[in-house]
Amino acid sequence: MDYKLFDDYITLQALLKEIGIIQSGGAIKSYLAEHTLLVNGQDEKRRGKKLRIGDQLTLVDEGMTITLTQPSDSEIEQHQMDLAEKKRVAALAKTMNKNKPKTAKPSSSKAVKQPVRFPGN
């Protein structure tokens with residue numbers, strides 16, 4: 001399996017999370033303790049190991065090999081457009097949330113608790 005790397009590096013933890021091997025960052029320690037991972041043929045137990053283009057990750061238990069490859073120029077351009085759109089949407093959402101009218105929350109000193117009523121009482 002090839003993995004297109006758009007940055008200078010990706011950590012082992014981030015790669016495993018992104019491809020769906022682990023569900024969260026907290027699961028990496030137990031995963032590394034229970035499974036054998038080889039980076040360029042060497043056993044690796046560091047979750048923060050930086051992986052770069054050309055590195056090869058072998059998940060021995062799953063029988064999977066992942067090679068980090070360089071994306072093509074068109075893939076890089078599409079990736080940059082996707083990042084710009086994501087940034088634009090985040091800024092728009094932030095602006096909308098900032099302009100949203102605030103609803104008054106009842107303060108605890110003013111709120112009077114009513115006793116619980118049960119049917120028949």
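**Exercise 1. Find the largest pocket and say what lines it.**

Start with the size: the largest pocket has a volume of about 170 Å³. A pocket here is an open set of points on a 1 Å grid over the protein atoms alone, with protein on both sides within 12 Å along at least five of seven lines, at points where a 1.4 Å probe fits. The volume is the space filled by probe spheres set on the points, which are joined across faces, edges and corners.

Before going on, a word on the model. It is predicted, so local features need pLDDT of at least 70 and side-chain atom pairs count only at pLDDT 80 or more, while totals for chains, interfaces and linings use all residues. Residues are numbered from 1 along each chain as its sequence is written, and side-chain values use heavy atoms, with hydrogens and water left out.

Next, the lining, meaning residues with an atom within 4 Å of a point: look for Tyr3, Lys4, Leu5, Phe6, Asp7, Ile10, Glu18 and His79. Sorted by class, that gives 4 nonpolar, 1 polar and 3 charged residues. For the sorting, Ala, Val, Leu, Ile, Met, Phe, Trp, Tyr, Cys and Pro count as nonpolar, Asp, Glu, Lys and Arg as charged, and the others, Gly among them, as polar.

**Exercise 2. Trace the sheet from one edge to the other.**

Begin with the inventory: the chain has 3 helices and 7 strands. These are DSSP runs numbered from the N terminus, with helices (H or I) of at least four residues and strands (E) of at least two. Walking from the N terminus, you meet β-β-α-α-β-β-β-β-β-α.

Now the order: 5 strands make an open sheet, β1-β7-β6-β3-β4, with mixed pairing. Because β1 (2-4) and β4 (42-43) are at the edges with a single partner strand each, one side of each has no neighbour in the sheet.

Then take the pairs, where pairing needs at least two DSSP bridges between two strands:

- β1 and β7 (residues 64-69) are parallel over 3 bridges, and Asp2 has Thr67 as its bridge partner in β7.
- β6 (residues 56-59) and β7 run antiparallel, joined by 4 bridges, and Leu57 is partnered by Ile66 in β7.
- β3 (residues 37-39) and β4 are antiparallel over 2 bridges, with Val39 opposite Gln42 in β4.

Finally, check the turns. The hairpin of β6 and β7 has 4 residues between the strands, and Gly63 there takes a positive phi near 65 degrees. Asn40, in the loop between β3 and β4, also shows a positive phi, near 55 degrees, in a residue other than glycine.

**Exercise 3. Describe the surroundings of Thr11.**

First place it: Thr11 sits in strand β2 (residues 10-11). With a relative accessible area of 24%, Thr11 is partly exposed (buried is under 20%, exposed over 50%, partly exposed in between, with a 1.4 Å probe and protein chains only).

Next, leave aside neighbours within four places in sequence: Thr11 then touches Arg47, Gly48 and Lys49, a contact being heavy atoms within 4.5 Å. Thr11 and Leu51 are 40 residues apart in sequence, yet 5.8 Å apart in space, C-alpha to C-alpha.

**Exercise 4. Judge the overall build of the chain.**

Take the radius of gyration: the chain has 24 Å, whereas a compact globule of 121 residues would have one near 14 Å. That radius is taken over C-alpha atoms, and the globule rule is 2.2 Å times the number of residues to the power 0.38. Then the box: along the principal axes, the C-alpha atoms fill roughly 75 × 40 × 25 Å. Last, 19% of the 121 residues count as buried.
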